Amino acid sequence: MNQTTERVAVITGGSLGIGEAISTQLLNLGWNVHILARRASNYVHADHGSCRTHDVDVRDLDAVNESAHAVATSAGHVDALILCAGVGYPTPIRSASRAQYDELFDTNVAGSIFSTQAFMPLLRDGKAVVTFVSSIAGRRGFADWSLYCASKHALEGFAASMRDELRPRRIRVTSVQPGSVDTPSYDHLQPEDKKEFMDPESIAELTVAAIQLPPQACVETLFVNNAVGDL
Ligand SMILES: NC(=O)c1ccc[n+]([C@@H]2O[C@H](COP(=O)([O-])OP(=O)(O)OC[C@H]3O[C@@H](n4cnc5c(N)ncnc54)[C@H](OP(=O)(O)O)[C@@H]3O)[C@@H](O)[C@H]2O)c1
């Protein structure tokens, strides 16, 4: 396969949890996958021949731009850009700190915005899909999670604007809004507390299906809630 026929995905936060499941499913489908994360090289299939890892903190814009340059040099184009790197934890407003705000917004919002900016020139016109892994917290508010919800609402505003901005290039934009998913970010919970959580593979399957739709079809929003309702 030459550089123009290769399907190339770039995924921030592709080393663990929902992102790991998306990376693995894309690799299994024959995609070339570039993973950006602080410890991307820890990804379980990092040694797969079609996988490249970039140890990058998405809050470090110079490092993100350097990895975009590396992808431009090695792959030349991007068919799927998936913005999945994110952090989330409760921040009851009576005790929320500026440091928590900075971490949540710098990672979930600025990290996604400036990773999009860095990789945008590489997206293939008429084909590419940009996928923001947002959250049910980008649709609703939840007591004690206000800073995380605010960050995901900001991400939704950016995603909606990108959908319009990239339409002239026929680049599609999807916002994925999962409910609660059993990933390493919830390792601190007891199994009993997570028994109604979804598995990351289910979210990945739907996300990958949306990415692989023909270029005439755009899944704008993929809201997947827990069967029992909001958790
Ligand atoms: N789990 C849920 O219930 C749930 C529900 C709705 C939405 N989401 C969203 O889904 C996304 C993934 O969540 P998850 O639960 O799968 O989390 P996770 O298991 O903790 O994985 C987070 C991923 O993001 C990377 N990451 C975190 N901070 C980063 C940074 N500053 N720079 C680069 N990479 C960074 C992590 O790698 P490193 O630590 O090596 O950097 C890891 O690959 C997040 O955006 C989250 O908000 C999760």
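Me: Where is Arg163 found, and what makes that element a helix?
Reply: Arg163 is found in helix H4. Helices here are DSSP runs of H or I with at least four residues, strands are runs of E with at least two, and both are numbered from the N terminus. H4 spans 146–166, so the run meets the helix definition. The model is predicted, so local features need pLDDT of at least 70 and side-chain atom pairs count only at pLDDT 80 or more, while totals for chains, interfaces and linings use all residues. Residues are numbered from 1 along each chain as its sequence is written, and side-chain values use heavy atoms, with hydrogens and water left out.

Me: Why is Arg163 called buried?
Reply: Its relative accessible area is 10%. Buried means under 20%, exposed means over 50%, and partly exposed is in between, with a 1.4 Å probe and protein chains only. The value for Arg163 falls under the first cut-off, so Arg163 is buried. The C-alpha atoms of Arg163 and Gln177 are 16 Å apart in space, at 14 residues apart in sequence.

Me: How do you know how many disulfides the structure has?
Reply: A search of the whole structure finds zero. Cys51 is in no disulfide, and the nearest cysteine sulfur, that of Cys84, is 14 Å away. A disulfide is a pair of cysteine sulfur atoms within 2.5 Å, and the distance from Cys84 to the closest cysteine sulfur, in Cys51, is therefore too far for a bond.

Me: Are Cys51 and Cys84 buried or exposed, and why?
Reply: Cys51 has a relative accessible area of 4%, and Cys84 has 13%. Both values are under the cut-off for buried, so Cys51 and Cys84 are buried.

Me: What makes a residue count as near the ligand, and which residues come nearest?
Reply: A residue is near if one of its heavy atoms lies within 4 Å. There are 29 residues around the ligand, and Ser15, Arg38, Arg39, Tyr148 and Thr183 come nearest. Helix H1 (17–28) and helix H4 each supply at least two residues of this shell.

Me: What makes the approach of Arg39 to the ligand a polar contact?
Reply: A polar side-chain atom of Arg39 lies 2.5 Å from an oxygen atom of the ligand. A polar contact is a pair of N or O atoms within 3.5 Å; within protein, one must be able to donate a hydrogen and the other to accept it, and residues adjacent in sequence count only if both atoms are side-chain atoms. The Arg39 pair is within that limit, so it is a polar contact. For side-chain N or O atoms of two other residues, the distance to a ligand oxygen is 2.6 Å at Tyr148 and 3.0 Å at Ser185. The protein covers 94% of the 880 Å² of accessible area that the ligand has on its own, by the Shrake-Rupley method with a 1.4 Å probe.

Me: Why is Ser135 called buried, and where does it lie?
Reply: Ser135 has a relative accessible area of 6%, so it is buried. It lies in the loop between strand S5 (129–133) and H4. The C-alpha atoms of Ser135 and Phe223 are separated by 8.0 Å, although the two are 88 residues apart along the chain.

Me: What is the backbone angle of Asp144, and why is this residue called partly exposed?
Reply: Phi of Asp144 is positive, about 75°, although the residue is not a glycine. Its place is in the loop between S5 and H4. The relative accessibility of Asp144 is 41%, which is in between the two cut-offs, so Asp144 is partly exposed.

Me: How do you know whether Arg170 is buried or exposed?
Reply: The relative accessible area of Arg170 is 55%, over the upper cut-off, so Arg170 is exposed. Arg170 is found in the loop between H4 and strand S6 (172–178). Its phi is near 55°, a positive value in a residue other than glycine.

Me: What makes Ala143 exposed?
Reply: Ala143 has 70% relative accessibility, and therefore counts as exposed. Ala143 is found in the loop between S5 and H4.
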